[in-house]
Amino acid sequence: MNDTSPFRLALEHALSHSLAYLENLEHSPVAAGASLQTLRERLAKPLNSAGMPAEQVIDELVADTAGGIIGSAGGRFFGWVIGGSLPAALAADWLTSAWDQNAASYSCGPAEAVIEEVCGDWLKDLLGLPRDASFALTSGCQMAHVTALAAARNALLASRGWQVERDGLFGAPKIRILSSDQFHGSITRATRLLGLGTSAVTGLPVNQAGQLDAATLEQALQEAPDTLTIVLLQAGDLNIGAYDCFAELIPLAHRYGAWVHVDGAFGLWANVSARHRHLLAGVEHADSWATDGHKWLNVPYDSGFAFVAHPQAHRNAMSYEASYISHNDQVREQKDWNPDWSRRGRGVAAYAALRQLGRHGVAALIDACCDAAHSLVTGIAALPGAELMWEPRINQGLVRFLDQRPAATESDHDQWTDAVTSAVLASGEALFSNTTWRGKRCMRVSVCNWQTNAQDVARAVAAVARVLQEQNR
Ligand SMILES: *Cc1c(COP(=O)(O)O)cnc(C)c1O
């Protein structure tokens, strides 16, 4: 023990504030109570001229952000698709900062480089992906898309004799992306960053189950059979968690020479569950995959994973070559596979999450979230004035609320649905987000947190019931 350590007080204060926060989540409102103005008034102080003690910085930070931290770490948060943090992953994330390794390269952080190697192998195994696929630990699924689609861009253009890394895209053959129209906005941005352009993406209509049909895809492929093509498939779309039929669509896309990329931001994790694995049959034949650690695996933020079935294309797209960098072919140099250079040691928290849960624990987490989503959605849908829009197959479902006035229109139902969600939020009991699905406003229910239990589900359903009762009075 070194009582004169400049770190000790700040870290001890951070620990006690963190525990106070985490251990009180159950009794705290899920919504942020402080207004934008309040947060600005408290936080936008003139930058101090003189420094201040580290522990005082921490204490004031906690005081000034009070009411501005939403309860996404806890079990009653069902908005967007947002996971919590497992204890080992959170603690490992702290260590990552304490160690402060530059995870660009083995030489800057030997243990971190090996941890990432191990994470890659474990993840491929859990997610049912080819053992020899290359991988990258990215900041999230967005950058996993960029990484994987850069590999696709390399391979497709190389097939026409074009070296995109050297010659850029001006004058290059065009690349198009065919997808269902349910693709996530992160794909749009990936096309912008990669110079493919948003107009490269064609969103094709889905069937009643939210899937891209083979006939629809084949027709689009046939329309321009000579155009370089990426087929983007969904493993769990953002609204209903729909899975495209990989066993049918991947061989079809390959017959036309397309590169198949899978967006499995959360849905790829269904592979760990014996109950849900069938949804992913055939997914291992794709050319690249993207998923998140910070959603369903419950790693703190800054955790995404890209996998590529063609390591050379991946490396061509990403490797960082410069004369002053030493190369060591014995080890996996992260900078050869990632879009960034200096970077956080992202492997540590993912490694810790996987070790805390173990293979069975990951499966139990996925199944528990699916069960909770099912109880929550069916419980809400059974309330008077509610309507079931999508019964969860995995962890995502949709409900909406009908305006009870006799002459109510669709637009009244839309407004009432938004109003119910806001009223539930204001109650502090639960947080849901809304979406427009098939032309209707819906409350979207997503369960991704290891902490969500039966009591949380009951509290959330009761909170919705109270809001509905008030309207009927
Ligand atoms: C969240 C999400 C993304 C984007 O992932 P980030 O980790 O936020 O970058 C992409 N696709 C789907 C289906 C998602 O749910």
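**Exercise 1. Asn298**

Task: In this predicted model, determine where Asn298 is placed, whether Asn298 counts as buried or exposed, and which residues Asn298 touches.

Solution.
Step 1. Asn298 belongs to the loop between strand 6 (288-292) and strand 7 (304-308).
Step 2. The relative accessibility of Asn298 is 0%. Buried means under 20%, so Asn298 counts as buried.
Step 3. Residues up to four places away in sequence are not counted. The contacts of Asn298 then include Gly83, Gly84, Ser85, Leu86 and Ala89. Asn298 also touches Gly293, Leu365, Cys448, Asn449 and Trp450.

**Exercise 2. The four-stranded sheet**

Task: Establish the strand order of the open sheet of four strands, and state which strands stand at the edges.

Solution.
Step 1. The order is 8-9-11-10, and the pairing is antiparallel.
Step 2. Strand 8 (386-390) and strand 10 each have a single partner strand, so one side of each lacks a neighbour in the sheet; these are the edge strands.
Step 3. With direction ignored, neighbouring strands of this sheet are turned by 40° against each other on average.
Step 4. Two helices are then placed relative to the strands. Helix 12 (residues 347-381) packs on the sheet and touches strand 8, strand 9 and strand 11. The direction of helix 12 makes about 15° with that of strand 9. Helix 13 (residues 410-427) lies across strand 9, strand 10 and strand 11, and runs at about 30° to strand 11.

**Exercise 3. Strand 9 and its partners**

Task: Describe how strand 9 is joined to strand 8 and to strand 11, and state which way the residues of strand 9 point.

Solution.
Step 1. Strand 8 and strand 9 pair in the antiparallel sense over four bridges. These two strands form a hairpin, with five residues between them. Within this pairing, Trp390 has Leu398 of strand 9 as its bridge partner.
Step 2. Strand 9 (residues 396-401) is also joined to strand 11 by four bridges, again antiparallel. Leu398 is bridged to Arg444 in strand 11, and Gly397 to Val445 in strand 11.
Step 3. In a regular strand, side chains alternate between the two faces of the sheet. For strand 9, Gln396, Leu398 and Arg400 point one way, whereas Gly397, Val399 and Phe401 point the other way.
Step 4. Six of the six residues of strand 9 are buried.

**Exercise 4. The nonpolar cores**

Task: State which residues touch the most other members of the largest nonpolar core, and explain why this core lies between domain 1 and domain 2.

Solution.
Step 1. The largest nonpolar core has 95 residues, of which Trp269, Leu376, Ile380, Phe401 and Phe432 touch the most other members.
Step 2. Helix 12 gives the most to this core, namely 19 residues.
Step 3. Domain 1 (102-343) and domain 2 (356-471) both give residues to this core, so the core lies between them.
Step 4. The surroundings of Phe401 can be listed once its neighbours within four places in sequence are left aside. Phe401 is in contact with Ile380, Gly385, Ala386, His413, Trp416, Thr417, Val420, Met443, Val464 and Leu468.
Step 5. A second, separate core holds 26 residues, among them Val146, Ala148, Leu196 and Ala317.

**Exercise 5. Positive phi values**

Task: Locate Asp100 and Arg438, and state what phi value Asp100 and Arg438 have.

Solution.
Step 1. Most residues other than glycine have a negative phi.
Step 2. Asp100 is not a glycine, yet its phi is positive, about 50°. Asp100 is placed in the loop between helix 4 (87-99) and helix 5 (110-127). With 63% relative accessibility, Asp100 counts as exposed.
Step 3. Arg438 likewise has a positive phi, near 50°. Arg438 is found in the loop between strand 10 (433-437) and strand 11 (440-446). A relative accessible area of 39% makes Arg438 partly exposed.
Step 4. Among glycines, Gly67 follows helix 3 and has a positive phi near 80°.

**Exercise 6. Ile250**

Task: State which helix holds Ile250, and which residues Ile250 touches.

Solution.
Step 1. Ile250 is in helix 10 (residues 246-255).
Step 2. Ile250 has a relative accessible area of 1% and is therefore buried.
Step 3. Not counting residues up to four places away in sequence, Ile250 touches Leu233, Val260, Gly282, Val283, His285 and Ala286.
Step 4. Ile250 and Val262 are twelve residues apart along the chain, and their C-alpha atoms are separated by 10.0 Å.

Terms used. Residues are numbered from 1 along each chain as its sequence is written. This is a predicted model: local features need pLDDT of at least 70, side-chain atom pairs count only at pLDDT 80 or more; totals for chains, interfaces and linings use all residues. Side-chain values use heavy atoms; hydrogens and water are left out. Buried means under 20% relative accessible area, exposed over 50%, partly exposed in between (1.4 Å probe, protein chains only). Two strands pair if DSSP finds at least two bridges between them. Axes are lines fitted to C-alpha atoms, for helices over the stretch in contact, and angles run from 0 to 180 degrees between N-to-C directions. Contact means heavy atoms within 4.5 Å. A nonpolar core is a set of buried Ala, Val, Leu, Ile, Met, Phe, Trp, Tyr and Cys residues joined through side-chain atoms within 4.5 Å. Domain bounds come from an automatic or database domain assignment.
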